[in-house]
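Open the model in your viewer and switch to a cartoon view. The tour moves from one selection to the next.

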Amino acid sequence: MKNRNQSIHGLYGITPNLIDTAVLLNQTEQILTGGAQLIQYRNKIADKTLRRHQANLLLRLCRTYATPMIINDHLDLATEIDADGVHVGQNDVDITAARKLLGTDKIIGATCYNRLDLAIQAESKGADYVAFGAFYPTSTKQNTVTAPLDILVQARKILTIPIIGIGGINLTNAQTIIKNGADAVAVSYTLYQAKDIHKTAETFSRFFV
């Protein structure tokens, strides 16, 4: 397994709200073979039992490809299955508390929306990366805030941890996000709804070569 910061570069796949576990695993494997460097398990419609079941199987799959798998929001689940980390939003568990519970070898990421102050605070508390967005319209999340591209440029001058761009990122606009300072792009819809998932993941991955 790569160390924490080595993992946070390139294509970052985020799972959609899928109830069919077999489909979830099949599609994620195509993304992994296409070069994804990090996978986040996010399922807002699954109940606790299904979420645990899917997360366990997804973690096993990601370990096969030596790719970190982190859990969105659910610190308890991340701890229970020994996932590679957790991603938190502004209203989720505090980063300091998450670090104390997870230990020093796990990845902690923080959503910072369009606010540089939140990113500075997250870094000071021990986050391994920060995510800004949404940069473009997205159907994955409701009530998103809009982030300007310039925040990536500003963040690059101030932060020492990796920066991730998220929100409506596709094959047409991803390179703009990267050129403005993102170390990674987080993608859900464009990957999981692609006609050729593996090829789409490969194309994203090549942007970072």
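**Two helices side by side**

Start by selecting α5 and α6: these helices are roughly parallel to each other. The model is a predicted one. Helix α5 covers residues 116-125 and helix α6 covers residues 150-158. Their axes cross at roughly 30 degrees and come within 11 Å; angles under 35 degrees count as roughly parallel. The crossing of α5 and α6 is right-handed.

Now show side chains. Which residues of α5 meet α6? Select L116, I120 and E123 on the α5 side, then I151, Q154, A155 and I158 on the α6 side. Sorted by class, this contact has five nonpolar residues, one polar and one charged.

**From β2 to β3**

Next, select residues 38-41, strand β2, together with residues 69-72, strand β3. The two strands run parallel and are joined by three bridges. To see the pairing, pick I39, which stands opposite M69 in β3. Then add residues 48-64, helix α2: the chain passes through this helix on its way from β2 to β3, and the β-α-β crossover is right-handed.

**From β3 to β4**

Keep β3 and add strand β4, residues 85-88. In which sense do β3 and β4 pair, parallel or antiparallel? Their pairing is parallel, over three bridges. Select I71 and its bridge partner V86 in β4. Last, add helix α3, residues 75-81. With β3 and β4, helix α3 makes a β-α-β unit, and this unit is right-handed.

Notes
Residues are numbered from 1 along each chain as its sequence is written. This is a predicted model: local features need pLDDT of at least 70, side-chain atom pairs count only at pLDDT 80 or more; totals for chains, interfaces and linings use all residues. Side-chain values use heavy atoms; hydrogens and water are left out. Two strands pair if DSSP finds at least two bridges between them. Helices (H or I, at least four residues) and strands (E, at least two) are DSSP runs, numbered from the N terminus. A crossover is right-handed if, with the strands pointing away from the viewer, the path from the first strand over the helix to the second runs clockwise. Axes are lines fitted to C-alpha atoms, for helices over the stretch in contact, and angles run from 0 to 180 degrees between N-to-C directions. Angles under 35 degrees count as roughly parallel, over 145 as roughly antiparallel, 65 to 115 as roughly perpendicular and the rest as oblique. A crossing is left-handed if the near helix is turned anticlockwise from the far one by less than a right angle, and right-handed if clockwise. Contact means heavy atoms within 4.5 Å. Ala, Val, Leu, Ile, Met, Phe, Trp, Tyr, Cys and Pro count as nonpolar, Asp, Glu, Lys and Arg as charged, and the others, Gly among them, as polar.
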